[in-house]
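The following exercises concern the sequence and structure shown below. Each consists of a task and a solution in steps.

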Amino acid sequence: MKPLLCLDLEGTLISNAVSQILRPSLFEFLEHVSDICELMIYTSVSFERVKNVQSLLVEEGVAPAWFRDIPVIRPEKSLKPKAACGRQEALLVDDQADVIVPGEEDWLVEIPEYLPPYSDRDQALSRALDNIEMRVRLLEPSVRIELKDL
């Protein structure tokens, strides 16, 4: 089973749910992470607004067609507890470290908030992908090598 990757929406994948300015390389990022992780959106944005954003990004061709169907969860308060995603092997890509429950800092893949002026040279998703790939490899069961096999 692939680990779960929870994606924040505002300030992480897009500017915000109103202006919806895409972070550079969003399509490529989504394609790569979907190969190594199951995906979920974990955001405080309303379900209706998230579904509209998902549909619009797919319709505009800036997100893969399957992005429309990614499940969405919302925190009950201002924190995003790992337990809400229902998986032990999970990571959260988010631009706000203060949403992490104390003691759960290891599940955060922090990304700088996507703010104006929005740069086409922003490499945050690429750097986050490198971090995610490394952390997913660390989650894999280790292979034991016996001396007799050498």
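Rings of Phe, Tyr and Trp, the last by its six-membered ring, pair if their centres lie within 6.5 Å; planes under 30 degrees apart count as stacked, over 60 as edge-to-face and the rest as tilted. The model examined here is predicted.

**Exercise 1. Aromatic pairs**

Task: Determine how many aromatic pairs the rule yields, and classify the pair of Tyr42 and Trp107.

Solution.
Step 1. The count comes to 2 aromatic pairs.
Step 2. The ring centres of Tyr42 and Trp107 are 6.1 Å apart and the planes stand at 55°, so this pair is tilted.
Step 3. Distant parts of the chain are linked by this pair: Tyr42 belongs to strand 2, and Trp107 to the loop between strand 4 (90–94) and strand 5, 65 residues apart.
Step 4. Both Tyr42 and Trp107 are buried.
Step 5. Tyr114 and Tyr118 also form a tilted aromatic pair, with 4.9 Å from centre to centre and 50° between the planes.

**Exercise 2. Accessibility**

Task: Decide whether Tyr114 is buried or exposed, and assign a class to Tyr118.

Solution.
Step 1. Buried means under 20% relative accessible area, exposed over 50%, and partly exposed in between.
Step 2. Tyr114 has a relative accessible area of 4% and is therefore buried.
Step 3. For Tyr118 the relative accessible area is 26%, so this residue is partly exposed.

**Exercise 3. Charges over rings**

Task: Identify the ring over which the charged end of Lys80 sits, and the ring whose face lies under Arg74.

Solution.
Step 1. The charged end of Lys80 is placed over the ring of Tyr42, at 5.6 Å from its centre.
Step 2. Arg74 lies over the face of Phe47, 5.9 Å from the ring centre.

**Exercise 4. The sheet**

Task: State the order of the strands in the open sheet and name its edge strands.

Solution.
Step 1. The open sheet is formed by 5 strands in the order 3-2-1-4-5, with parallel pairing.
Step 2. Strand 3 (72–73) and strand 5 (108–110) are the edge strands, each pairing on one side only.
Step 3. Strand 1 (residues 4–7) pairs with strand 2 (residues 38–42) in the parallel sense over 4 bridges. Leu5 has Leu39 in strand 2 as its bridge partner.

**Exercise 5. The largest pocket**

Task: Describe the largest pocket by its volume and its lining.

Solution.
Step 1. The volume is about 210 Å³.
Step 2. The pocket is lined by 19 residues, of which Asp8, Glu10, Ser44, Asp95 and Gln96 are the closest to its centre.
Step 3. By class, the lining comprises 6 nonpolar, 6 polar and 7 charged residues.

Note on methods: Residues numbered from 1 in each chain as written. Predicted model: local features only at pLDDT ≥ 70, side-chain atom pairs only at ≥ 80, totals over all residues. Heavy atoms only, no water. Pairing = 2+ DSSP bridges. Helix = DSSP H or I, 4+ residues; strand = E, 2+ residues; numbered from the N terminus. Buried < 20%, exposed > 50% of the residue type's maximum accessible area, 1.4 Å probe, protein only. Lys NZ or Arg CZ within 6 Å of the ring centre and 35° of its normal. 1 Å grid on protein atoms, 1.4 Å probe; cavity = no way out; pocket = protein on both sides within 12 Å on 5 of 7 lines; lining within 4 Å. Points joined across faces, edges and corners; volume = space filled by probe spheres on them. Nonpolar A, V, L, I, M, F, W, Y, C, P; charged D, E, K, R; others polar.
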